[in-house]
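Subject: Structure handover

Hello,

Here is the structure you asked about, with notes on what turned up in it. Please look at the model first and read the notes beside it.

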Amino acid sequence: GCVVAPYPYPATPVVASQPPSFDRSWDAALGAAADVGVEILSADRANGRIAGRKAGAAVTIEVKRRSDNNLQVSFSAPDSKEANPTLNDRWLAAYQRRMGR
């Protein structure tokens with residue numbers, strides 16, 4: 001008798017659609033702020049709020065769990081004078097890098 005190995009099927013990638021943890025998102029938000037030179041004035045993990053300052057402009061970062069169990073991360077620096085790229089764009093890029101995106 002002859003034994004034939006099973007046909008090798010290509011592996012199907014398995015994608016886990018699990019939202020990032022609060023801790024990972026919080027750490028990435030805080031680290032991204034430092035990456036773009038935001039001076040942290042307060043960091044309230046329990047309420048998901050980071051307050052800081054960059055070149056005289058107030059900065060607010062919030063990490064909130066939504067009702068669908070996903071996280072919403074927001075950055076606000078309405079008085080920032082930085083442009084091309086804006087402080088918001090630079091922070092977002094740093095945050096995405098820290099999240100591995």
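A55 counts as exposed, because its relative accessibility is 81% and exposed means over 50%. The residue sits in the loop between β2 and β3, the latter spanning 57-65. Its phi is near 50 degrees, which is a positive value in a residue other than glycine. Please keep in mind that this is a predicted model, and that applies to everything below.

N69 also has a positive phi, near 75 degrees, and is likewise a residue other than glycine. It is placed in the loop between β3 and β4. With 44% relative accessibility, N69 counts as partly exposed.

One more backbone point: the peptide bond between N84 and P85 is cis, with omega at about 0 degrees. P85 belongs to the loop between β4 (71-76) and α2.

Overall layout

The protein has two helices and four strands. Starting at the N terminus, the order of elements is α-β-β-β-β-α. Of the 101 residues in the protein, 26% are buried. If you take the contacts between residues at least 6 apart in sequence, 36% of them join residues at least 24 apart.

The two helices

Helix α1 covers residues 22-35 and helix α2 covers residues 87-98; they pack at an angle of about 135 degrees, and their axes are 8 Å apart. The angle falls outside the ranges for roughly parallel, perpendicular or antiparallel, the last of which begins over 145 degrees, and the two helices are therefore oblique to each other. The crossing of α1 past α2 is right-handed.

Which residues make this contact? On the α1 side they are R24, S25, A28, A29, G31, A32, A33 and D35, and on the α2 side W91, A94, Y95 and R98. Sorted by class, the contact of α1 with α2 contains seven nonpolar, two polar and three charged residues.

S25, in helix α1, deserves its own entry. Its relative accessibility is 1%, so S25 counts as buried. Apart from neighbours within four places in sequence, S25 is in contact with P20, V63, L71, V73, Y95 and M99.

N88 is a residue of helix α2. Its relative accessible area is 37%, so N88 is partly exposed. The C-alpha atoms of N88 and A33 are separated by 10.0 Å, although the two residues are 55 apart along the chain.

Buried positions in and around the strands

Is K54 buried or exposed? This lysine, in strand β2 (residues 49-54), is buried, because its relative accessible area is 18% and the cut-off for buried is under 20%. The K54 side chain reaches the backbone oxygen of V36 at 3.2 Å. Setting aside neighbours within four places in sequence, K54 is in contact with V36, G37, V38, V59, E82, L87 and R90.

I61 is in strand β3 and has 1% relative accessibility, so I61 counts as buried. When residues up to four places away in sequence are not counted, I61 touches A29, A33, G48, R49, I50, S74, F75 and W91. Among these partners, A29, A33 and W91 also appear in the contact of α1 with α2. The C-alpha atoms of I61 and A77 lie 8.9 Å from each other, with the residues 16 apart along the chain.

A77 itself is in the loop between β4 and α2. At 17% relative accessibility, A77 is under the 20% limit and therefore counts as buried. A77 touches A58, V59 and L87, again not counting residues up to four places away in sequence. V59 and L87 are also among the contacts of K54. From A77 to N88, eleven residues along the chain, the separation of the C-alpha atoms is 7.1 Å.

When you go through the model, you could take the helix contact first and then the buried positions.

Regards

Note on methods. Residues are numbered from 1 along each chain as its sequence is written. This is a predicted model: local features need pLDDT of at least 70, side-chain atom pairs count only at pLDDT 80 or more; totals for chains, interfaces and linings use all residues. Side-chain values use heavy atoms; hydrogens and water are left out. Axes are lines fitted to C-alpha atoms, for helices over the stretch in contact, and angles run from 0 to 180 degrees between N-to-C directions. Angles under 35 degrees count as roughly parallel, over 145 as roughly antiparallel, 65 to 115 as roughly perpendicular and the rest as oblique. A crossing is left-handed if the near helix is turned anticlockwise from the far one by less than a right angle, and right-handed if clockwise. Contact means heavy atoms within 4.5 Å. Ala, Val, Leu, Ile, Met, Phe, Trp, Tyr, Cys and Pro count as nonpolar, Asp, Glu, Lys and Arg as charged, and the others, Gly among them, as polar. Buried means under 20% relative accessible area, exposed over 50%, partly exposed in between (1.4 Å probe, protein chains only). A polar contact is a pair of N or O atoms within 3.5 Å; within protein, one must be able to donate a hydrogen and the other to accept it, and residues adjacent in sequence count only if both atoms are side-chain atoms.
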